[in-house]
Every structure is written in structure tokens, then in C-alpha cells.
Amino acid sequence: MTTPYVIGIGNAIMDVIAPTSDASLGRLAIEKGIMQLIDRERSEFLMAAQSADAEASKARLVPGGSVANTLAGIGMMGLRTAFIGRVAGDPLGLSYAEQTEAAGTVFVNPPLAGEVLPTSRSIIFVTPDGERSMNTYLGISAELGAEDVNPATFSGADWLFLEGYLFDKDMGKAAFLKAADACHKAGGQAGIALSDPFCVDRHRDGFRRLIAGPMDYVIGNVHEWTSLYQVTDLDEALRLASADCGTVICTRSGEDAILIRGDERVTAPVHRVVPVDATGAGDQFAAGLIYGLATGVPLAVAGRMGCIAAAEVISHVGARPEGDLKAAFRAEGLI
């Protein structure tokens with residue numbers, strides 16, 4: 001059997017992570033413990049401030065972005081992966097592409113030279129209590145469009161995974177449609193993570209058309225599904241969703257995940273753990289789930305794989321797995 005091939009499209013965001021003090025947060029007017037979007041000028045100011053700070057000068061550069069994190073998890077489980085994203089030919093972009101390739105995921109499009117927006121970055125200040133204060137500049141990755149999607153990339157592709165955040169711009173929507181078409185022509189399945197209830201609120205009609213159209217599977221949480229269908233009852237939202245799409249996945253934080261495929265409805269148990277860092281839980285749930293779907297295990301088993309991957313990533317700092325997930329699957333008799 002050939003190794004399944006998973007392609008993802010999403011924001012290529014370099015995480016610039018550095019220790020700092022509460023006093024420094026106050027001096028830089030950073031609100032502690034939240035993620036906020038910032039503009040280019042603010043990002044350059046914070047990068048300069050980070051470089052000047054004795055502690056923050058120890059910054060680590062870690063490739064991030066929701067779908068990129070998912071692909072990293074899938075790759076660590078042994079599947080072939082490729083990432084379609086935009087970076088500039090600046091130091092952050094070159095490092096992003098190099099690190100992505102070194103970790104085993106093909107970085108499809110080369111960094112862009114010339115007069116382009118800078119590489120996207122999330123400048124993350126970590127205080128001694130472990131709180132992460134994230135300042136995200138979307139930069140060039142938000143400009144991804146249909147011209148970045150080459151149908152030839154999809155030769156042999158089995159699965160496509162998209163990031164709802166990129167749905168904010170028409171060019172992102174065009175890229176999604178082109179990629180889904182190329183994936184289907186290659187015999188694969190296309191899916192999306194709804195990403196954020198606010199994203200759903202902004203683009204409800206567009207998401208509904210996408211889900212009822214080229215998407216074969218969709219992952220969302222309780223808030224995203226009820227927002228999408230404008231109902232308060234989750235079961236009603238999932239009934240409407242499953243009428244639109246072949247495979248519907250709902251995560252419910254610390255409760256069992258719900259998975260619906262055609263007439264089949266199953267749950268996947270969540271074993272509660274005390275999170276060290278919740279960053280990446282949804283990304284790695286998607287990784288475990290897609291690994292399971294791609295390798296043909298039963299739907300309930302794929303859901304449980306997602307729950308195991310999510311539990312692993314919240315047990316430590318960082319949005320990508322550190323442990324051997326396949327060993328964890330074997331320990332539960334899933335593979």
C-alpha cells in the first residue's frame with residue numbers, strides 16, 4: 001500500500017517566541033495572555049524591542065500556522081505531507097521554508113523576492129508564569145491566491161486540508177476552490193477546519209456554499225457549528241451539516257467528539273488532562289483524525305486518534321507533538 005499523501009493550505013506564520021517579564025509587557029503596552037492582530041508598524045516595533053531586551057533576545061523561531069501545525073503532526077505519524085503557503089524572501093521566510101522542509105513537509109512555493117509584504121509572524125512573549133501573549137501580523141500569507149495553487153502539485157494526493165482563516169479574502173476563496181478541484185481530479189478528498197466562530201460569522205453564506213459544495217469533510221467545534229447554522233441546539237446544527245457534507249466532525253473541548261459520516265454517527269472519548277498549554281489542541285486533533293481517515297481505520301478510531309493527539313500537545317508548551325503518537329495509538333490498540 002502506498003503511503004497516503006496529505007496537502008494543506010494555510011497561513012505560514014513564523015512564531016517568534018521569547019521569555020520576558022511582566023514589567024516588559026507593561027512597557028510595551030501588550031495585553032497579557034491573549035492573541036491580538038497587529039499591523040506591520042507595530043510588528044516591526046515589537047521585533048526591535050524583542051531584540052533589544054536581554055531576555056527576549058533569546059527568541060526561538062518556530063514555524064507555525066494552524067494547517068502547518070496539523071501537517072507537522074501528520075508527518076510525524078509517517079504520512080507524506082506538502083504545504084502551500086506564502087512567505088517572503090526575508091530571513092523569517094527563508095527560515096520558515098527551510099525548517100518546514102527539514103521537518104519532512106514539502107514547502108511547495110519558494111519564498112517571494114522583491115517588493116512584497118513581509119513574512120507573517122506571531123511575536124509571542126512568555127512570562128515566568130507560562131502565560132503566552134501573542135501579537136500576530138498576517139503579512140504576506142494573507143495574500144495567498146489561486147496563482148499559488150499549481151494543479152500538478154496534487155498528482156497522487158489523497159487528502160487536502162484547508163484553513164478557515166484564509167477564507168477572509170476573495171483570493172483565498174479562489175485558492176480553495178482551485179485546490180479542491182485539483183484534489184478531486186487526482187482522486188482525493190478535500191476538507192476544511194472552520195477555524196473560528198468569528199470567521200464563521202463574517203462568512204456564513206460562503207462557508208455554507210463551500211461545505212455543501214466541494215468539501216468532503218469539515219471539522220468544527222460547538223460554537224462554530226451552531227454559529228454556522230444559526231441555531232442554539234448542537235444536534236440540529238449537526239443534522240443540517242450532515243445534510244450538506246458527507247463527513248462532519250464536532251469537537252467539544254473536554255467532552256467526547258462527535259463524528260458523522262453518512263448514516264453513521266459515533267463518538268470518540270476524551271480523557272481529561274490538565275493542560276500545560278492549550279495552543280495547538282485543535283490543530284493536532286485534526287492531525288490525528290486525518291491520519292486515521294487516510295489510513296482507513298473506523299470512524300470512531302480516527303476520532304479517538306484525534307483526541308489522543310490533542311491530549312499530547314496540550315501536555316507541554318508548543319503547538320506540535322513531542323511524543324510518539326503512533327506508540328500512543330498502539331498502546332490503546334488502535335493500530
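A cavity here is a set of grid points where a 1.4 Å probe fits but cannot get out. Keep that in mind as you look around this model, which is predicted.

**Stop one: the enclosed space**

How many cavities of 30 Å³ or more does a search of the whole structure find? Just one turns up. The largest cavity holds about 70 Å³ of space. To see its walls, select A68, L71, A72, F83, Y96, T100, A103, T105 and R320, the residues that line it. Now colour helices α3 (66-76) and α4 (91-102), the elements that each give two or more residues to this lining. Helix α3 provides the largest share, with three residues. Sorted by class, the lining has six nonpolar residues, two polar ones and one charged one.

**Stop two: rings around F83**

Keep F83, one of the cavity-lining residues, and add Y96 and F107. Ring pairs join F83, Y96 and F107 into a cluster. In the whole structure there are nine aromatic pairs. Zoom in on F83 and F107: their ring centres are 6.0 Å apart and their planes meet at 55 degrees, so this pair is tilted. F83 belongs to strand β5 (residues 80-84) and F107 to strand β6 (residues 105-107), so the pair ties together parts that are 24 residues apart in sequence. Are F83 and F107 buried or exposed? Both F83 and F107 are buried.

**Stop three: a stacked pair**

Next, select W225 and Y229. This aromatic pair is stacked, with 6.4 Å from centre to centre and 15 degrees between the planes. W225 and Y229 sit four residues apart in helix α8 (residues 222-229), so about one helical turn separates them. W225 is buried, and Y229 is too.

**Stop four: a charge over a ring**

Pick F167 and K173. What sits over the ring of F167? Look for the charged end of K173, 5.2 Å from the ring centre.

**Last stop: an open pocket**

Finish at the second largest pocket, with a volume of about 320 Å³. Select V62, P63, G318, A319 and R320: of the 20 residues lining this pocket, these lie nearest its centre. You have met R320 already, in the lining of the largest cavity. Then show β2 (13-19), β4 (60-64), α3 and α4, each of which supplies at least two residues of the pocket lining. By class, the lining of this pocket has nine nonpolar, six polar and five charged residues.

Key. Residues are numbered from 1 along each chain as its sequence is written. This is a predicted model: local features need pLDDT of at least 70, side-chain atom pairs count only at pLDDT 80 or more; totals for chains, interfaces and linings use all residues. Side-chain values use heavy atoms; hydrogens and water are left out. On a 1 Å grid over the protein atoms alone, a cavity is a set of points where a 1.4 Å probe fits but cannot get out, and a pocket is an open set with protein on both sides within 12 Å along at least five of seven lines; lining residues have an atom within 4 Å of a point. Grid points are joined across faces, edges and corners, and a volume is the space filled by probe spheres set on the points. Ala, Val, Leu, Ile, Met, Phe, Trp, Tyr, Cys and Pro count as nonpolar, Asp, Glu, Lys and Arg as charged, and the others, Gly among them, as polar. Rings of Phe, Tyr and Trp (its six-membered ring) pair if their centres lie within 6.5 Å; planes under 30 degrees apart count as stacked, over 60 as edge-to-face and the rest as tilted. Buried means under 20% relative accessible area, exposed over 50%, partly exposed in between (1.4 Å probe, protein chains only). A charge sits over a ring if NZ of Lys or CZ of Arg is within 6 Å of the ring centre and within 35 degrees of the ring normal.
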